[in-house]
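Visitor: I have a few questions about this structure. Could we go through them one by one?

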Amino acid sequence: QVQLVESGGGLVQPGGSLRLSCAASGSIFSINAMGWYRQVPGNKRELVASITSGGSTNYADSAKGRFTISRVNRKNTVYLQMNSLKLEDTAVYYCNAEVFTGWGPVGDYWGQGTQVTVFS
C-alpha cells in the first residue's frame with residue numbers, strides 16, 4: 001500500500017505565503033513524477049505544478065513566477081512553496097505521485113487534500 005500525507009495548508013491573506021509538504025510512504029520501489037493539483041468546489045481538478053525524479057519541473061501558467069515545486073527523492077517528499085497568494089488560489093490542494101510498487105504497472109496515488117484559503 002502507498003500513502004501520501006500532506007501538510008501545510010491553512011488560512012492566509014492575499015500576498016502571503018504558504019509551503020505545502022507531501023511525503024509518500026508504503027510499498028514503494030520508485031517514484032517517477034510527483035505533483036500538486038488543486039480543485040475548487042464545483043470545478044475540475046487542475047494541475048498546479050509537477051516535477052520528475054530528475055528535477056524537471058512544469059507549472060500551470062497561473063503558478064509561474066509565484067509557486068516553486070521541489071522534491072527530496074531520498075525522503076519521497078515533494079514541496080510546493082506558494083508566494084504572492086491571490087484569492088483565486090483558494091482551493092483544496094492534492095498531492096500526486098506516480099509510483100512503481102515493484103509489480104504491475106505504475107499507478108497514480110493521491111493524498112487526502114489540504115485546504116488553502118486566501119482571504120482579505
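Visitor: Does C22 count as buried or exposed?
Guide: This is a predicted model, and the answer rests on a computed accessibility. Buried means under 20% relative accessible area. The relative accessibility of C22 is 0%, so C22 counts as buried.

Visitor: Which residue does a disulfide join to C22?
Guide: The count of disulfides comes to one. The pair links distant parts of the chain, with C22 in strand 3 (residues 18-26) and its partner in strand 9, 73 residues apart. The S to S distance is 2.1 Å, and the partner is C95.

Visitor: What is the handedness of the disulfide of C22 and C95?
Guide: The sign of the torsion about the S-S bond is what to look at here. That torsion is about -85° for C22 and C95, so the disulfide is left-handed.

Visitor: Which residue offers the backbone oxygen that the side chain of N96 reaches?
Guide: N96 lies in strand 9 (residues 91-100) and, at 5% relative accessibility, counts as buried. Beyond its neighbours within four places in sequence, N96 is in contact with residues including L4, M34, D108 and W110. The backbone oxygen reached by the N96 side chain, at 3.3 Å, belongs to Y109.

Visitor: What accessible area do L11, L87 and F119 have together?
Guide: F119 is in the segment after strand 11 (114-118). At 37% relative accessibility, F119 counts as partly exposed. With L11 and L87, F119 forms a nonpolar patch on the surface, and the accessible area together is about 310 Å².

Definitions and conventions. Residues are numbered from 1 along each chain as its sequence is written. This is a predicted model: local features need pLDDT of at least 70, side-chain atom pairs count only at pLDDT 80 or more; totals for chains, interfaces and linings use all residues. Side-chain values use heavy atoms; hydrogens and water are left out. Helices (H or I, at least four residues) and strands (E, at least two) are DSSP runs, numbered from the N terminus. Buried means under 20% relative accessible area, exposed over 50%, partly exposed in between (1.4 Å probe, protein chains only). A polar contact is a pair of N or O atoms within 3.5 Å; within protein, one must be able to donate a hydrogen and the other to accept it, and residues adjacent in sequence count only if both atoms are side-chain atoms. Contact means heavy atoms within 4.5 Å. Patches are made of residues with over 30% relative accessible area and no salt bridge: like charges are joined within 9 Å, nonpolar side chains (Val, Leu, Ile, Met, Phe, Trp, Tyr) within 5 Å. Accessible areas come from the Shrake-Rupley method with a 1.4 Å probe; for residues, only the protein chains shown count as cover. A salt bridge is a side-chain nitrogen of Lys or Arg within 4 Å of a carboxyl oxygen of Asp or Glu. A disulfide is a pair of cysteine sulfur atoms within 2.5 Å.
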